[in-house]
Amino acid sequence: MDTWTADIWNDNEDECKKTLNEPGNWEKIPLLFDDKTTLGSLVRFKGMIQDMLNPEYYSSSFTIINAENEEVASRRAKYHSSTQNIQPGEEVVFGNALMERQIIACIPIPGLNEWAKDLANANQNVELENNTNKRIRLDPACQKYSKEIFIFVYPEDFDTNELKVNQIVEVVGFLDRRTIQEDNENLHEQSSIAKETHCIHAVQLKLMKTLISENEESKNLIWNEALNIHAELKLVLTQALLGDSLVADYLLFYLISTTYNRQHNLVPGKFSLNIRGIPESIDKNYTKHLYSLISYLVVKSEYLPIQIHTLNNMDMIPRKCYTSNRLLNGLLQLSDRTHLVLDETDLQPGNLDSKGMKNYEALRNIISNQQMKYDFTYYGMDYETQIPVLTLSIGKSILPYDIDIVLKPDPSCSNIEETMNSVHGYLKSQLHLLDKLRKYIAIISTFPFNYDEDILKVIEHDYVEMRKADPKNVSGDDLHRFMMISRLIALCSGKNEFNKEIWESGKSLENQRYLRNKETIH
């Protein structure tokens, strides 16, 4: 496969596809590392679709005519950006048949955490910038390649209707170069710059729902050991939360939660969490330590300090540049299940300007509706998101949330640095366990879940009784929350349906949270 060219693929497509799809061969395709990779090579790249450009038309074939000896050579134009190796005295004549190809702009996966790199590169020494305030954009397949790349997708090879902005894709194709128009990033100058950049002509493309290996054997192992893994994970989170096991339950739910059966404005499974009451007296870096642990467990995450100057100055919302006809990236343009951690613990009074208000509303919309309105200058366009949001605050968050809970640290956990180092040290010494924890978080909530008719009757009866007892304060939102918590309790334990015992456990957990929040005044 290392000698394949676009022309060889065109002439032997069926045979090449058969070879590529043989077990293990996909992973053997060389990874795109840097700009020194030979043009025309078959390469592999994994990234997020940041923008979808207009389709373009190209001649399906062309003929090269040598004026000196009148030799004629026919070529197929598929998987090529331009005619190449044309010699003096040769003329190119394009055919009349036009074909269409879709162009997608891909960037390395936003928020990808260091540990989540491809195992094929696990032994490579890649120096990473350790800065929680700056987005880390790394390709799990090739950590060194950190640029935007254009992918040409051919409708006859892949149904382009399945492609959407913010999806993660992995492509195998032939490397080429392409001149594009790029915004000069100066909002006061409406101009664009011609720039030559890499592109890949995709011969095959995969949509990636998760970056964690999820073969049936691995999934079954996690499911069968779910109860024990859950206990280990709760122990780790309890220590990281300074001995608070109740908050550990809710943080665990946040980590594994995912939306399902989405219908219009209803987003079942949405679980935005506000952990509040973080004492001002403890180490001011505690929230960063906690985020560091979260990023060590989940595949993708982003840390965002909520401060007035951050909201007023940061480009969070993707916006359309009509000069270059491109969608410009924003911090909140994230792929599904990127855990977003908002830190309000250093928030000071101040005024938001118009940009700050737009950023604030964008965060509110993600938390409340799992949607974000992209800025198309003359109008906004809603894009669905699946971004679990955790807010850390001293008092109640200035942002909405589905569930809030007050942190009650154990007085014995006063040395934050020592406590968090102990957690990290434990995980680093238990690599097999750590691997299970990561897989558990990534896939446990993706298993199918059923609601038995008998338990639904019990739930209905309980809800009616709760409404009778407290009609002013019990609503349909409470019922949805109880059911969501019970569902997560069941999945955490490796059960695909809940019984009366699990339902009672969910109500008990919620009652404990309610009493704690009620007795704590903020």
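The exercises below work through a predicted model of a protein, each with a solution in steps.

Residues are numbered from 1 along each chain as its sequence is written. Because this is a predicted model, local features need pLDDT of at least 70 and side-chain atom pairs count only at pLDDT 80 or more, while totals for chains, interfaces and linings use all residues, and side-chain values use heavy atoms, with hydrogens and water left out.

**Exercise 1. Overall description**

Work out how many helices and strands the protein has, and what share of its residues is buried.

Solution. Start with the secondary structure, which comes to 14 helices and 18 strands; here helices (H or I, at least four residues) and strands (E, at least two) are DSSP runs, numbered from the N terminus. Next, take burial, where buried means under 20% relative accessible area, exposed over 50%, and partly exposed in between (1.4 Å probe, protein chains only); buried residues make up 50% of the 522 residues. Then turn to contacts, meaning heavy atoms within 4.5 Å: among those between residues at least 6 apart in sequence, 77% join residues at least 24 apart.

**Exercise 2. Confidence**

Decide which residues have a pLDDT that stays under 50.

Solution. The pLDDT, which is the predictor's confidence in each residue from 0 to 100, averages 86 over the protein, and 89% of the residues score at least 70. The stretch to mark is residues 122-145, where pLDDT stays under 50 although the model has 66 contacts there beyond four places in sequence. Where pLDDT is low, the predicted coordinates should not be read in detail.

**Exercise 3. Strand 14 and its partners**

Explain why strand 14 is described as largely enclosed, and find which strands it is joined to.

Solution. First, examine residues 339-343: five of the five residues of strand 14 are buried, so this strand is largely enclosed by the rest of the structure. Second, sort the side chains by direction, which shows H339, V341 and D343 pointing one way and L340 and L342 the other way, all of them buried. Third, look for pairing, which requires that DSSP finds at least two bridges between two strands. Strand 11 (residues 301-305) runs parallel to strand 14 and is joined to it by five bridges, with L304 having L342 as its bridge partner. Strand 17 (residues 389-392) is also parallel to strand 14, through four bridges, and T391 in strand 17 stands opposite L342.

**Exercise 4. Four residues compared by setting**

For L205, D249, K358 and Y379, state whether each is buried, partly exposed or exposed, and where it lies.

Solution. Begin with L205 in strand 9 (residues 192-208), which counts as buried because its relative accessibility is 10%. Leaving out residues up to four places away in sequence, L205 touches V153, F158, L163, V169, E170 and V171. The C-alpha atoms of L205 and R44 are separated by 9.8 Å, although these residues are 161 residues apart along the chain.

Continue with D249 in helix 6 (residues 245-256), which is buried at 11% relative accessibility and, with the four nearest places in sequence on either side left out, touches K234 and L509.

K358 belongs to helix 9 (residues 354-369) and is exposed, with a relative accessible area of 54%; its C-alpha atom is 8.6 Å from that of L311, 47 residues apart in sequence.

Finish with Y379, placed in the loop between strand 15 (371-375) and strand 16 (380-384), which counts as partly exposed at 43% relative accessibility.
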